[in-house]
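Here are my notes after a look through the model you sent over. I've kept them as short points so you can check each one against the picture.

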Amino acid sequence: MIYDFFPAGTYEEMRRLKESINSAFNSFSAGYPFCNIYESPEKTCISFFAPGLREDDIDISATPDSLTISIDRKKVFEEQAMKEERPFGTFRRTVNFPFKVNTEKHWAKYKNGVLRLIFERAEEDKPKKIKIN
Amino acid sequence: MNMKYKNDSRTKICRPATDVISIEDGIKIFMDVPGADEEKVDVSVEDNVLSVRASYTESLEESFKVLHTEFDHCDYFREFTLPRNISSTKISAKIKDGVLELTLPFSDEVKPRKIQITKE
């Protein structure tokens with residue numbers, strides 16, 4: 001088959017290259033900062049990957065359905081860069097919660113460049129047991 | 001493609017975004033490694049190649065299930081061939097809020113030196 005044309009290991013390299021290209025394009029479409037969303041029956045956790053910020057640079061607002069963060073990432077150097085890949089400027093991102101949350105019951109922490117927010121599920125959104133009469 | 005770094009596990013290898021700045025007495029490198037702290041970063045120089053390895057694992061309560069992911073658990077890896085005028089023994093590194101800052105000073109031989117003129 002086609003694998004026979006390539007020396008051993010080359011196909012694996014090509015597969016990894018394809019994966020990295022696909023992953024790069026996925027990242028472009030996702031927006032900045034990247035985020036992960038997790039859920040449990042009672043809570044939801046959202047992590048944003050935004051290194052190099054101070055707490056003053058982050059603005060967070062939430063409704064029962066969605067969360068919006070605005071960040072202002074400032075350059076830490078004035079010199080002309082020989083290579084510049086890191087994003088700077090103002091970024092805004094809105095993500096939907098997996099369920100309605102209680103915006104009063106939340107937890108937020110920024111550590112090692114990762115902003116993590118946990119919200120409790122709203123009481124009215126929790127599944128209710130229905131008794132059969 | 002870099003073959004020096006062998007990733008035996010199934011963890012993804014990420015190429016961290018990097019800025020390289022020329023300063024008066026050397027070079028500064030800023031690298032985004034969100035989630036990594038000083039214990040999870042390894043900087044080394046071998047054969048004039050500067051290698052940076054770091055890792056990140058998101059630790060959450062067991063009850064959380066992944067719903068959407070854009071930034072997976074990963075090993076950061078990047079390497080740079082150093083210019084000859086960099087003093088590899090004097091490279092320093094610090095990390096804050098997920099940004100690794102490396103300072104690569106020029107070696108003393110290439111720094112401008114004032115030559116004293118002696119009177120005969």
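1. A quick definition before the sheet in chain A: two strands count as paired if DSSP finds at least two bridges between them. Strand β4 (residues 66-73) of chain A and β6(A) pass that test, pairing in the antiparallel sense over eight bridges. Within this pair, Ser70(A) sits opposite Arg92(A) of β6(A). Do keep in mind that this is a predicted model.

2. Now the sheet as a whole. It is an open one of three strands, running in the order β3-β4-β6 (chain A), with antiparallel pairing. At the edges you'll find β3 (58-62) and β6 (89-96) of chain A, each of which pairs on one side only. From one strand to the next, the twist averages 10°.

3. On to where the two chains meet. Chain B puts 29 residues into the contact and chain A puts in 30 residues. On the side of chain B that touches chain A, the elements giving two or more residues are β2 (18-23), β3 (26-32) and β6 (65-69) of chain B. The most comes from β2(B), with six residues. Sorted by class, that side of chain B has 14 nonpolar, seven polar and eight charged residues.

4. There is strand pairing between the chains as well. Strand β5 (residues 81-84) of chain A pairs with β2(B), in the antiparallel sense, over three bridges. If you want one spot to look at, Lys83(A) has Val20(B), in β2(B), as its bridge partner.

5. Is Ile27(B) buried or exposed? This residue, found in strand β3 of chain B, is buried, because 20 other C-beta atoms lie within 10 Å. Leaving aside neighbours within four places in sequence, Ile27(B) is in contact with Val20(B), Ile21(B), Ser22(B), Ile86(B) and Leu104(B). Val43(B), 16 residues from Ile27(B) in sequence, is 16 Å from it in space, C-alpha to C-alpha.

6. Lys12(B) is worth a look too. Its place is in strand β1 (residues 12-14) of chain B. It has 14 C-beta neighbours inside 10 Å, so it counts as partly exposed; the buried class starts at 20, and the exposed class takes 12 or fewer. Not counting residues up to four places away in sequence, Lys12(B) touches Asp72(B) and Cys74(B). Lys12(B) and Asp72(B) are 60 residues apart in sequence, with 7.6 Å between them in space, C-alpha to C-alpha.

Key
Residues numbered from 1 in each chain as written. Chains lettered and ligands numbered in written order. Predicted model: local features only at pLDDT ≥ 70, side-chain atom pairs only at ≥ 80, totals over all residues. Contact = placed C-beta atoms within 7 Å. Helix = DSSP H or I, 4+ residues; strand = E, 2+ residues; numbered from the N terminus. Nonpolar A, V, L, I, M, F, W, Y, C, P; charged D, E, K, R; others polar. Axes fitted to C-alpha atoms, helices over the stretch in contact; angles between N-to-C directions.
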